[in-house]
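Dear colleague,

I am handing over the structure we spoke about, with the sequence alongside it. Below it you will find my notes on what turned up, beginning with the part that calls for the most caution.

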Amino acid sequence: MPRVIRPHAVFALFCAIVTLCLAAPVAADGDAPGGLSIELNAQEQTERGCKLSFLARNGSGADIASAIYETVLFDSTGQVNQLTLFDFGALPTNKPRLRQFVVPGLQCDALGQVLINGAATCEADAGADACTSALTLTSRTGVEMMG
């Protein structure tokens with residue numbers, strides 16, 4: 001005998017699905033859902049070199065006491081310019097942090113890519129892989145972020 005689907009049952013199911021979807025948590029704009037995000041936010045040429053501004057957001061749920069990243073800077077042709085360490089310091093959970101680094105002698109317009117090669121130091125409540133396991137890299141500049 002075929003089943004009869006009643007309109008009120010379909011409507012009740014529809015309402016339940018809509019309620020569940022509306023109740024699902026949504027990350028606030030700019031939050032780093034479930035991990036650490038680093039955005040190359042700006043670059044500025046100074047007398048000393050190229051100043052790079054990074055916005056870091058720790059959405060991992062655990063504080064990071066110290067994060068130092070091995071970073072490779074590539075020129076606009078893809079050649080390695082230099083290998084350096086960027087000390088992002090403490091990255092508390094759910095608190096964005098701006099970190100700036102001046103790279104002596106580097107011309108900003110010659111920078112093509114930034115590679116986060118790994119964490120040279122990571123002291124975190126959640127363990128040493130907290131700095132790299134769910135790392136998201138983005139850029140608001142013409143310079144590509146890789147990792």
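Over residues 9-32 the pLDDT stays under 50, and for this stretch the model has seven contacts beyond four places in sequence. Where pLDDT is low, the predicted coordinates should not be read in detail. Please keep in mind that the whole model is predicted; the mean pLDDT of the protein chain is 84, with 78% of its residues at 70 or more.

As for the overall fold, the secondary structure of the protein chain consists of one helix and eight strands, and along the sequence these follow the pattern α-β-β-β-β-β-β-β-β. Among the contacts with a separation of 6 or more, 69% join residues that are 24 or more positions apart. Of the 147 residues in the chain, 31% are buried, while the chain exposes about 9,000 Å², of which carbon and sulfur atoms supply 54%.

Turning to the strands, there is an open sheet of four with mixed pairing, in the order S5-S2-S1-S7. Its edge strands are S5 (97-104) and S7 (135-139), each of which pairs on one side only, and the twist from one strand to the next averages 25 degrees. Within this sheet S2 and S5 run antiparallel to each other and are paired over eight bridges; Ala56, for instance, stands opposite Arg97 in S5.

A further antiparallel pairing joins S3 and S4 over nine bridges, with Ile68 having Asp87 in S4 as its bridge partner. These two strands form a hairpin with four residues between them, and in the turn Gly78 has a positive phi of about 95 degrees. When you look at side chains along these elements, it may help to recall that in a regular strand they alternate between the two faces of the sheet.

Strand S3 (residues 64-75) also contains Ser66. Is Ser66 buried or exposed? Its relative accessible area is 14%, so Ser66 counts as buried, the cut-off being under 20%. Leaving aside residues up to four places away in sequence, Ser66 touches Gly89, Ala90, Thr121, Cys122, Glu123 and Cys131.

The aromatic residues deserve a paragraph of their own. A search of the whole structure finds six aromatic pairs. One of these is formed by Phe54 and Phe88, whose ring centres are 5.6 Å apart and whose planes stand at 65 degrees; because planes over 60 degrees apart count as edge-to-face, the pair is given that label. Why does this pair tie together parts that are 34 residues apart in sequence? The reason is that Phe54 lies in strand S2 (residues 49-58), whereas Phe88 lies in strand S4 (residues 80-91). Phe54 counts as buried, at 0% relative accessibility, and Phe88 likewise counts as buried at 0%. Both belong to one aromatic cluster, which is made up of Phe54, Tyr69, Phe86, Phe88 and Phe101.

If you go through the model yourself, I would suggest starting from the Phe54 and Phe88 pair, which links S2 with S4, and treating residues 9-32 with reserve, since low pLDDT is a reason not to read coordinates in detail.

With best regards

Definitions and conventions
Residues numbered from 1 in each chain as written. Predicted model: local features only at pLDDT ≥ 70, side-chain atom pairs only at ≥ 80, totals over all residues. Heavy atoms only, no water. pLDDT = per-residue confidence, 0-100. Contact = heavy atoms within 4.5 Å. Buried < 20%, exposed > 50% of the residue type's maximum accessible area, 1.4 Å probe, protein only. Areas by Shrake-Rupley, 256 points an atom, 1.4 Å probe, with all protein chains shown as cover. Phe/Tyr/Trp six-rings, centres within 6.5 Å; stacked < 30°, edge-to-face > 60°. Pairing = 2+ DSSP bridges. Axes fitted to C-alpha atoms, helices over the stretch in contact; angles between N-to-C directions.
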